[in-house]
Amino acid sequence: MYAQTQVILNCSVLPNLLSLLGSPKETIRKEACWAISNITAGNKNQIQAVLNENIFPALIHIMATAEFKTRKDAAWAITNTTSGGTVEQIQYMADQNCIPALCDLLTVTDVKIIQVALNGLENILKLGEQLARQTGAVNQYAILLEECYGLDKIEWLQSHENIYIYQKAFLIIERFFFSKFSY
């Protein structure tokens, strides 16, 4: 799969995909997000190529504002990056304000997209935890998540009927926020 993705990247598809993200047609934006999500499922170099084209700000904007079907594909692209990206790439995503957009997806009814959003947030929180340990500071990404009411949404998901969502929400709170609730 990585080789096929590289062939596509070698054809200079990314500037065209960035242009398509600005299309007035929702279906075109959706398909462009889908294509980018497949690229970000690749390796770190392929993720870097997407980053180098400055595509993520447009993707994050789409994830926050577009119709739901398009937001889903943008969310996959973001979460794929947080799963397979380098420390610097994940930091870049957080710096581009992807946390509030991912948190907004925690209130949708689509179970799979809630899972995708939770996975993306967990990956970012793990990096924040790692950086906090190295510097002796607090997890800045946990603070950002709280500021956009993401913690409230994750707490609410602890009563979700889907066992995976319930467990993931519980584990995120326990790992990244439990000390806040301990007395």
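About 9,300 Å² of the protein is exposed, and carbon and sulfur atoms supply 54% of that area. The model is a predicted one, so-called local details included only where the confidence score, pLDDT, is at least 70. As for burial, 46% of the 183 residues count as buried. Charge is split between 14 positive and 17 negative side chains, and the centres of these two sets sit 5 Å apart.

The overall fold is easy to put into words: 13 helices and 0 strands. Read from the N terminus, the elements simply go α-α-α-α-α-α-α-α-α-α-α-α-α. The C-alpha trace spans about 55 × 35 × 25 Å along its principal axes. The radius of gyration comes out at 16 Å, which agrees with the value near 16 Å that a compact globule of 183 residues would have. Sequence-distant pairs feature heavily in the contact list: taking contacts between residues at least 6 apart in sequence, 66% join residues at least 24 apart.

Helix 5 is a handy place to look at the packing. Within this helix, which covers residues 56-65, the buried residues are Phe 56, Leu 59, Ile 60, Ile 62 and Met 63. These residues lie on the same side of helix 5, because the arc they cover around the axis is only 160°. The spacing fits a general rule. An α-helix has 3.6 residues a turn, so residues three or four places apart point the same way. On the other side of helix 5, His 61 and Thr 65 are exposed. As for partners, the buried residues of helix 5 pack against helix 2 (14-21), helix 3 (26-40) and helix 4 (44-52), and also against helix 6, helix 7 (87-95) and helix 8.

Helix 6, one of those partners, runs over residues 68-84 and holds Thr 81. With a relative accessible area of 0%, Thr 81 is buried, since the cut-off for that label is under 20%. Leaving aside residues up to four places away in sequence, Thr 81 touches Thr 40, Ile 47, Phe 56, Ile 90 and Met 93. Phe 56 in that set is also one of the buried residues of helix 5.

Helix 8, another partner of helix 5, covers residues 98-104 and includes Pro 100. Pro 100 counts as partly exposed, because its relative accessibility is 25%. Between the C-alpha atoms of Pro 100 and Cys 33 there are 19 Å, with 67 residues separating the two along the chain.

Two loop residues deserve a quick word on backbone angles. Most residues other than glycine have a negative phi. Asn 54, although not a glycine, has a positive phi of about 60°. Asn 54 sits in the loop between helix 4 and helix 5, and its relative accessibility of 46% makes it partly exposed. The second case is Asn 97, again not a glycine, with a positive phi near 75°. Asn 97 belongs to the loop between helix 7 and helix 8 and, at 48% relative accessibility, counts as partly exposed.

Note on methods: Residues are numbered from 1 along each chain as its sequence is written. This is a predicted model: local features need pLDDT of at least 70, side-chain atom pairs count only at pLDDT 80 or more; totals for chains, interfaces and linings use all residues. Side-chain values use heavy atoms; hydrogens and water are left out. Helices (H or I, at least four residues) and strands (E, at least two) are DSSP runs, numbered from the N terminus. The radius of gyration is taken over C-alpha atoms; the globule rule is 2.2 Å times the number of residues to the power 0.38. Buried means under 20% relative accessible area, exposed over 50%, partly exposed in between (1.4 Å probe, protein chains only). Contact means heavy atoms within 4.5 Å. Accessible areas come from the Shrake-Rupley method with a 1.4 Å probe; for residues, only the protein chains shown count as cover. Lys and Arg count as positive and Asp and Glu as negative; His and the chain ends are not counted. The place of a charge is taken as NZ of Lys, CZ of Arg, CG of Asp or CD of Glu. The arc is that of the directions from the helix axis to the C-beta atoms.
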